[in-house]
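Please open the structure in a viewer and keep the selection panel at hand. The tour below proceeds one selection at a time.

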Amino acid sequence: MEKLHDLQEIFQARIDADEKIEPKDWMPDAYRKTLIRQIAQHAHSEIVGMLPEGNWISRAPSLRRKVALLAKVQDEAGHGLYLYSAAETLGVDRETLIDELHTGKAKYSSIFNYPTLSWADIGAIGWLVDGAAIMNQVMLTRTSYGPYARAMVRICKEESFHQRQGYEILLTLCRGSEAQKAMAQDALNRWWWPSLMMFGPSDKDSQHTEQSMRWRIKRKTNDEIRQQFVDATVPQAEFLGITIPDPDLQWNESRGHYDFGPINWDEFWQVVNGNGPCNRERIRARVKAHEEGAWVREAALAYAEKRKARNAAATKVA
Amino acid sequence: MKKDWPLWEVFIRSKNGLSHKHVGSLHAADAEMAIENARDVYTRRNEGISIWVVESSNITASSPNQTEALFDPANDKVYRHPTFYDLPDEVKHI
Ligand SMILES: [Fe+2]
Ligand SMILES: [Fe+2]
């Protein structure tokens with residue numbers, strides 16, 4: 001008992017000294033569990049996040065837009081893979097992680113349960129959803145767990161093109177016809193609030209924040225990053241000439257920040273708990289892809305066996 | 001059949017003159033496919049000109065519990081560093 005207490009104290013001292021924790025280091029079970037949950041949830045979000053955008057690849061309005069969107073969605077697949085491999089350093093295996101996504105045991109970002117109804121949504125996702133993800137991920141480049149922090153550095157380098165391509169789509173629409181501008185406005189109307197919800201429950205209702213801050217898994221609270229996002233995004237919307245759908249939104253001179261209206265947390269919890277517009281569709285698509293890909297995984301193993309046998313035979317002859 | 005592809009550690013040389021550096025891991029059925037997957041996962045933006053893959057189970061790592069025992073012997077050997085030696089300032093290029 002005494003010994004466990006010592007280990008915990010040494011661990012916390014290392015965290016407080018801003019040392020990184022690496023896979024084989026001793027860590028409290030709860031730290032490991034929290035990380036596995038958070039990294040897996042992050043990985044699942046990257047993977048499920050490909051679906052709403054994938055919906056528009058074949059209907060992108062030009063070849064330029066199409067190659068960009070294709071590259072972006074491919075990056076998200078890469079992000080998912082970096083993160084799964086970071087989670088695996090904590091002793092969980094890939095198959096378990098995937099199972100937990102498919103059975104609904106693991107969560108992913110609720111934003112991906114909203115539908116992409118028009119091309120302008122692809123612009124709004126890049127600008128707002130990737131923009132929000134970047135705020136969170138930049139913070140996480142300084143997270144205390146080494147493999148997670150390194151995955152974040154790699155991801156952040158790739159993200160900025162995602163946000164820029166989204167903003168450029170909206171900029172083009174906003175400089176186009178009235179109908180195009182209306183499309184951009186409609187997309188902002190639908191994506192604004194769900195984007196603010198991406199940062200998670202407000203600090204007073206967030207059960208994990210305090211411990212995660214102490215372990216320096218998180219370096220800022222949900223409300224802090226949400227505010228940072230609003231402050232960065234409002235001028236960008238003004239530049240586009242479209243209106244953020246919040247009558248309470250206004251600059252607060254004394255705080256040095258934008259004030260914004262209350263978030264509909266009922267909607268947030270509805271979507272988190274499986275009742276968003278696309279929850280079932282998203283999981284169905286993932287399970288289908290996994291099942292229909294089973295033969296590829298098996299064929300690759302069979303081919304690897306065959307190649308090994310052939311190489312062995314060849315060395316014997318030589 | 002339920003069998004995961006094995007895990008591989010990936011090392012990339014970003015350009016000639018630099019060593020290969022660990023970048024992460026991935027699953028693949030064998031070494032050749034691991035290299036092909038590593039190309040797609042870790043070098044989408046010309047991050048490398050050469051890839052090594054090693055099956056993770058083949059890596060032997062020192063244990064963090066032995067850090068002291070392993071590295072202590074080097075700790076007190078200050079005479080291995082140039083600053084240990086006292087030379088007058090007038091002596092140049094040394
Ligand atoms: Fe991403
Ligand atoms: Fe992204």
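The stops that follow concern a metal site and several charged pairs.

This is a predicted model, in which local features need pLDDT of at least 70, side-chain atom pairs count only at pLDDT 80 or more, and totals for chains, interfaces and linings use all residues. Residues are numbered from 1 along each chain as its sequence is written, chains are lettered from A and ligands numbered from 1 in the order in which they are written, and side-chain values use heavy atoms, with hydrogens and water left out.

**The iron site**

Select the iron ion (ligand 2) and its protein donors, A:Glu76 (OE), A:Asp130 (OD), A:Glu159 (OE) and A:His162 (ND1), which lie 2.0 to 2.2 Å from the ion. Donors are N, O and S atoms within 2.8 Å of the metal (3.2 Å for Na, K and Ca); water is not among the atoms, so sites may look incomplete. Along the chain, the donors of this ion follow the spacing E-x53-D-x28-E-x2-H. A:Glu76 lies in helix 4 (residues 63-88) of chain A and A:His162 in helix 7 of chain A, so the pair ties together parts that are 86 residues apart in sequence. Helices are DSSP runs (H or I, at least four residues), as are strands (E, at least two), numbered from the N terminus. Both A:Glu76 and A:His162 are buried, a term that means under 20% relative accessible area, with exposed over 50% and partly exposed in between (1.4 Å probe, protein chains only).

Next, add the iron ion (ligand 1): the two iron ions are 3.3 Å apart, and A:Glu76 coordinates both.

**Salt bridges**

Keep A:Glu76 selected and add A:Glu53, A:Lys72 and A:Asp130; these four residues are linked in a network of salt bridges. A salt bridge is a side-chain nitrogen of Lys or Arg within 4 Å of a carboxyl oxygen of Asp or Glu. How many salt bridges does a search of the whole structure find? The search finds 28 over all chains.

Now select A:Glu158 and B:Arg45, a salt bridge whose closest N and O atoms are 3.5 Å apart. A:Glu158 belongs to helix 7 (residues 146-174) of chain A and B:Arg45 to the loop between helix 1 (31-42) and strand 3 (50-55) of chain B, so the pair joins two chains. A:Glu158 is buried at 3% relative accessible area, whereas B:Arg45 is partly exposed at 35%.

Finally, select A:Arg226 and A:Asp223, whose closest N and O atoms are 2.8 Å apart in a salt bridge. Both residues lie in helix 10 (residues 222-240) of chain A, 3 residues apart, about one turn of the helix.
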